[in-house]
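Hi everyone, thanks for coming. I'd like to walk you through one protein today, so have a look at the sequence and the model while I talk.

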Amino acid sequence: MSFLWAIIAGLIIGLLAKLVIPGRQPIPLWLTVVLGILGGIAGNALATAFGVRDTGGIDWIRHILQIGVAAVLIAAVTPLWARRHA
């Protein structure tokens, strides 16, 4: 079941990251999900490294870090993907 949650979270994080980046990112949905999952994992690691603690409510700092890392990944991969498929 955690695999399914990772895919759902990766989709949400990846789509939010694409909204943060200006312009169009011509990458497929599956790549957005994969980069969202990687961004979520790396964002959690950064939050732990910075000492962000789990709260009873919404962990805004953790989510911002996850989306930020995913946005950086998408911004880095998009030109490579576009050049490869042009």
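Let me start with a bit of vocabulary: we call a residue buried when its relative accessible area is under 20%, exposed when the value is over 50%, and partly exposed in between. One more thing before we dive in: this is a predicted model.

Okay, the overall picture. The protein has 3 helices and 0 strands, and reading along the sequence you get the pattern α-α-α. What radius of gyration would a compact globule with 86 residues have? Near 12 Å, and this protein comes in at 13 Å, which agrees. If you lay the C-alpha trace along its principal axes, the spans are about 45 × 30 × 20 Å. As for contacts, take the ones between residues at least 6 apart in sequence: 62% of those join residues at least 24 apart.

Now, inside and outside. Of the 86 residues, 34% count as buried. The protein exposes about 5700 Å², and carbon and sulfur atoms supply 74% of that.

Let's use our vocabulary on W5. You'll find W5 in helix 1, which covers residues 2–20. So is W5 buried or exposed? Its relative accessibility is 54%, and because the cut-off for exposed is over 50%, W5 counts as exposed. W5 also has company: together with L4, I8, I12, L16 and L19, W5 forms a nonpolar patch on the surface. The accessible area of that patch adds up to about 610 Å².

Here's some background for the next part. In soluble globular proteins, nonpolar side chains tend to be buried together.

So which residues make up the largest nonpolar core here? There are 11 of them: I13, A17, I21, I27, L31, L35, I67, A70, A71, I74 and W81. Helix 1, helix 2 and helix 3 (60–84) each give two or more residues to this core. Helix 3 gives the most, with 5 residues.

Let's zoom in on A17, one of those core residues. A17 sits in helix 1, and with a relative accessible area of 0% A17 is buried. What does A17 touch, if we don't count residues up to four places away in sequence? The list is I67, A70, A71 and I74. Here's another way to see how the chain folds back: A17 and A75 are 58 residues apart in sequence, yet their C-alpha atoms are 9.2 Å apart in space.

Another core residue is I27. Again leaving out residues up to four places away in sequence, I27 touches K18, T32, L35, I74, T78 and W81.

T32 showed up in that list, so let's go there. T32 lies in helix 2, residues 29–49. T32 is buried too, with a relative accessible area of 0%. With the usual neighbours in sequence (up to four places away) left out, T32 touches G10, G14, L15, K18 and I27.

Last stop: charges. Side chains of opposite charge can pair when their charged atoms come close. How many salt bridges does the structure hold? It holds 1. D59 pairs with R62, and the closest N and O atoms are 3.8 Å apart. Are these two partners buried or exposed? D59 has 13% relative accessibility, so D59 counts as buried. R62 has 11%, so R62 counts as buried as well.

That's my tour. Thanks for listening!

Conventions. Residues numbered from 1 in each chain as written. Predicted model: local features only at pLDDT ≥ 70, side-chain atom pairs only at ≥ 80, totals over all residues. Heavy atoms only, no water. Patch = residues over 30% accessible without salt bridge, like charges linked within 9 Å, V, L, I, M, F, W, Y side chains within 5 Å. Areas by Shrake-Rupley, 256 points an atom, 1.4 Å probe, with all protein chains shown as cover. Salt bridge = Lys/Arg side-chain N within 4 Å of Asp/Glu carboxyl O. Helix = DSSP H or I, 4+ residues; strand = E, 2+ residues; numbered from the N terminus. Buried < 20%, exposed > 50% of the residue type's maximum accessible area, 1.4 Å probe, protein only. Rg over C-alpha atoms; globule rule 2.2 N^0.38 Å. Contact = heavy atoms within 4.5 Å. Core = buried A, V, L, I, M, F, W, Y, C linked by side-chain atoms within 4.5 Å.
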